[in-house]
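Hello,

I am passing the structure on to you, with my notes underneath. Please have a look at it first, and then read on at your leisure.

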Amino acid sequence: MLTDIVMPPRVIHQEVLALTCPINGFKPRPLAISWYKRHNNEEVEIVKVEPGKLSETVGNEIERPKYVHNLNELRYEDGTYSITSILKFIPTIIEDNNSQYICKITHPATSITRTKEVSLTVKALPNFDDIILHPKSPIADEILIATCRVHSFFPRNIIIVWRKDDEILAEMIPDAEVTIGKDNLFYFKSRLEFVVVREDFGKHLYCEMRSDSPGECRRAECSLIPMVASPIIEYLKSEPPFPEPGKEATIQIRVHKYFPKDVVFLWFKNNERVEEANIQSIEPQGNIETGLYYRESTWKLFINPEDHGAEIKIEVLHFPTSHTPIKAFLTLHLGGIPKISDIEFDSNEPSYGQPLVIRCCVTNFSPKEIVTTWLQGKTTISEGVRNIGPEKDENGYFQLTSFLTMTPTALDHNTTVSFLVKHKALQEPIQRDILLLLPASAPTVSEMQCNPTIPEVNKQTTFSVSLSDYAPEEIEVKWFKGKVPYTGPVTNTKAQIAENGLFASVTKIEFAPDPSDQNTDLRCEVTHPESTAVKEIKYQISS
């Protein structure tokens, strides 16, 4: 007639708990009910109900008893009874974790005694203090440090999750930082570092405990507002792109993705301040989606021939992020005067023995006639040159792209390739340069060869070593006979370019061994200064 004690799936520290013990199908009515608590191997009676008497709380807390006991009773038509014994109390980690609660009933009429018990595992859900940010106002594209004190939790093994809206930034298990208080509960401070970006404006940062149970979801949160974000130059442009003398041009700058909204533009031409009266700046505008601001500033000026090459500088001041201005530059390039790009590698970086395409573009020139020349050092390159153009562009000026195809070898190590442009509108030719940064390659040194294969006493013999795969050409070769430098003539052939584009050469000595040279070591030492490699080969004379 006594069934299992019913309890909630989880027992929470300092939250009301009800243990329910159903007793069914007995008669007559008199019944004795007792509740016991077993903790640390000590068992104490906490509630006792004698047959025909009211519930009584046992213990030292009579004035403010910890336990409250209730009985719910039903009588059926067949004369049997059902009683539900409910024990209510507020559990704590110190007093109740790993404790057993026992319900014991005795039915005097039948002399039947039954007991049921449950074991309590008490959890304390963490409390989260407010998240503290440093700096207090996050700065876009800089590190933000967020800390949150997590306290009053049990057991120790919880997982703390930091997330930004739905994006998980970090998961961490408290370890060495955890401390335990007098109440047997744990405490620690969680810390997160991450780089805030402009897209984070208005998002929320959460520090929470990971749990599969909705009822255990506790967290702290804060908004990433206000965020401080410095202006980004979206564009600085001239309209038309190549102004013409005697006509008006419009120079416009736009900055965006910044906060708060106040920003100042200072305009300069050739480092002289432009009067504010000539500048038109719209009021800062807010982006509805991001909450960040953008602003434009415009200068309309009359173009003179001497304005070619003039430098326009705009300083953008945004005091909430910095007292140092953000600077943007534009060089005026008047229409009809050739504009030459930097030389670029059209495909791969330079490599020995591999085809290389180099490109340079000339735009904005008029008239059509133009002379372009590729040079290596002071030598004109005629092979491997291909030009596209001159062709008219959308502005009515001409453009040309010139390609140079070459296969670098060790002879080209760290040499300069130039592109020279001559045109009627230029007072003097313009030249662009690019350095062929080819790596140093240490020589491969062969075994020492002997001719004839077996030296003979008092007969002329040649000893040689082949050097290959090196660049640049400069090497140092030393020969030793025994432990002393060889004093005879040394022949070093002129380095030649091999099929792989690297240098190859031979070093050799020639002499007639005498009987005292038997079992003497010959040694060839090769030093390559550019790669700092030092290699040596030995050969023992044996006739």
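**An aromatic cluster**

F186 is buried, with 11% relative accessible area. Please keep in mind that this is a predicted model.

The neighbourhood of F186 is a nice place to begin, as F153, F154, F186 and F188 make up one aromatic cluster. Across the whole structure, the search turns up 17 aromatic pairs. One of them joins F153 and F186: the ring centres are 6.0 Å apart and the planes meet at 35 degrees, so this pair counts as tilted. What does the pair tie together? F153 belongs to strand β13 and F186 to strand β17 (residues 186-195), so the contact links parts that lie 33 residues apart in sequence. F153 is buried too, with a relative accessibility of 0%.

**Domains and a pocket**

The domain assignment gives domain 1 (17-120), domain 2 (127-224), domain 3 (232-332), domain 4 (339-436) and domain 5 (444-541). Between the C-alpha centres of domain 2 and domain 4 there are 58 Å.

Where does the second largest pocket lie? Its lining takes residues from both domain 3 (232-332) and domain 4 (339-436), so the pocket sits between these two. The volume of this second largest pocket is about 220 Å³. Its lining is made of 15 residues, and H308, H333, I337, L426 and I430 are the ones nearest the centre. By type, the lining has seven nonpolar, five polar and three charged residues. Two strands, β29 (339-340) and β37 (430-435), contribute at least two lining residues each.

**Backbone details**

Two prolines deserve a look. The H134 to P135 peptide bond is cis, with omega near 0 degrees, and P135 is found in the loop that runs between β12 (132-134) and β13 (143-153). The peptide bond from N451 to P452 is cis as well, here with omega near 5 degrees. P452 has its place in the loop between β39 (449-451) and β40 (461-470).

There are also residues other than glycine with a positive phi, and I noted S152 and N271. For S152, phi is near 60 degrees. This serine is part of strand β13, and at 15% relative accessible area S152 is buried. For N271, phi is about 70 degrees. N271 sits in the loop between β22 (264-269) and β23 (272-273). Is N271 buried or exposed? With a relative accessibility of 54%, N271 counts as exposed.

**Cysteines**

How many disulfides are there? The count is zero. C450 takes part in none, and the nearest cysteine sulfur, in C524, lies 14 Å away. Seen from the other side, C524 has its closest cysteine sulfur in C450, and 14 Å is too far for a bond, because a disulfide needs the two sulfur atoms within 2.5 Å. C450 and C524 are buried nonetheless: the relative accessibility is 13% for C450 and 1% for C524.

If you want a route through the model, you could start at the F153 and F186 pair, move on to the pocket between domain 3 and domain 4, and finish at C450 and C524.

Happy browsing, and do write back with any questions.

Best wishes

Note on methods. Residues numbered from 1 in each chain as written. Predicted model: local features only at pLDDT ≥ 70, side-chain atom pairs only at ≥ 80, totals over all residues. Heavy atoms only, no water. Buried < 20%, exposed > 50% of the residue type's maximum accessible area, 1.4 Å probe, protein only. 1 Å grid on protein atoms, 1.4 Å probe; cavity = no way out; pocket = protein on both sides within 12 Å on 5 of 7 lines; lining within 4 Å. Points joined across faces, edges and corners; volume = space filled by probe spheres on them. Helix = DSSP H or I, 4+ residues; strand = E, 2+ residues; numbered from the N terminus. Nonpolar A, V, L, I, M, F, W, Y, C, P; charged D, E, K, R; others polar. Domains from an automatic or database assignment. Phe/Tyr/Trp six-rings, centres within 6.5 Å; stacked < 30°, edge-to-face > 60°.
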